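Biologist: Please show me the model. Then we can go through it strand by strand.

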Amino acid sequence: MKKWVVFLLGLVTGSVLTVLSLFVISKTITPTETVTEENADHVPGLNLFDEPGDEFSAPSFKVMQVLANNVALAYSGENNYGSISYYGTLVMLVGDENSHFYDDQIVKVKSSQVARHIGTYQYETKMEMQKTVPVIKIFNKQ
């Protein structure tokens, strides 16, 4: 009879500790924010131009790593003999407030849109190398 009581107390104690641990972990993880022009200066290494710059000619981009809801590092696509390969320039792709990127997503530039260079992003790799990549945003043509 005592074995069942010890078993039940152990089960209840383990369950309570698991729930409390998960609660503490969820509170320590900060949610991913959306980057806007107003809070872009709070992103280390991000320098935006006053006005959009030159057109960036790429038919599409492949997301490599998501940095925030609407910001990702992506490789530009290049046309190679009728197919697109994603070994082009690494860029920081910025979407609007409604954009949500995910890893390996293909973001196509439609014929009614244009990708423009809007700034630069500097970061340090895990191997402690400084990298600078162009910041690209897709706009509707006017």
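Modeller: In β6, Val94 is the bridge partner of Val71. This is a predicted model, where local features need pLDDT of at least 70, side-chain atom pairs count only at pLDDT 80 or more, and totals for chains, interfaces and linings use all residues. Residues are numbered from 1 along each chain as its sequence is written, and side-chain values use heavy atoms, leaving out hydrogens and water.

Biologist: How many bridges pair β3 with β6, and in which sense?

Modeller: Two strands pair if DSSP finds at least two bridges between them. β3 and β6 have five bridges, and the sense is antiparallel.

Biologist: Which residue stands opposite Val71 of β3 on the other side, towards β2?

Modeller: β2 and β3 run antiparallel, joined by six bridges. They form a hairpin, with two residues between the strands. The residue opposite Val71 is Ala68.

Biologist: How many residues of β3 are buried?

Modeller: Buried means under 20% relative accessible area, exposed over 50%, partly exposed in between (1.4 Å probe, protein chains only). β3 spans residues 71-76. The strand is largely enclosed by the rest of the structure, because its buried residues number five of six.

Biologist: Is Ser60 buried or exposed?

Modeller: Ser60 lies in strand β2, residues 60-68. Contact means heavy atoms within 4.5 Å. Beyond four places in sequence, the contacts of Ser60 include Tyr75, Tyr86, Ile106 and Val109. Its relative accessibility is 2%, so Ser60 counts as buried.

Biologist: Which elements give two or more residues to the largest nonpolar core?

Modeller: A nonpolar core is a set of buried Ala, Val, Leu, Ile, Met, Phe, Trp, Tyr and Cys residues joined through side-chain atoms within 4.5 Å. The largest has 13 residues, and Phe56, Phe61 and Phe101 are among those with the most contacts inside it. The elements asked for are β2, β3 and β6.

Biologist: How many residues does the second core have?

Modeller: This core is separate, and its members include Val94, Tyr121, Tyr123 and Val133. Val94 is also the bridge partner of Val71. The second core has 12 residues.

Biologist: Is Leu8 exposed, partly exposed or buried?

Modeller: Leu8 sits in helix α1, residues 2-28. Helices (H or I, at least four residues) and strands (E, at least two) are DSSP runs, numbered from the N terminus. The relative accessibility of Leu8 is 49%, so this residue counts as partly exposed.

Biologist: How many helices and strands does the protein have?

Modeller: From the N terminus, the order is α-β-β-β-β-β-β-β-β-β. The count is one helix and nine strands.
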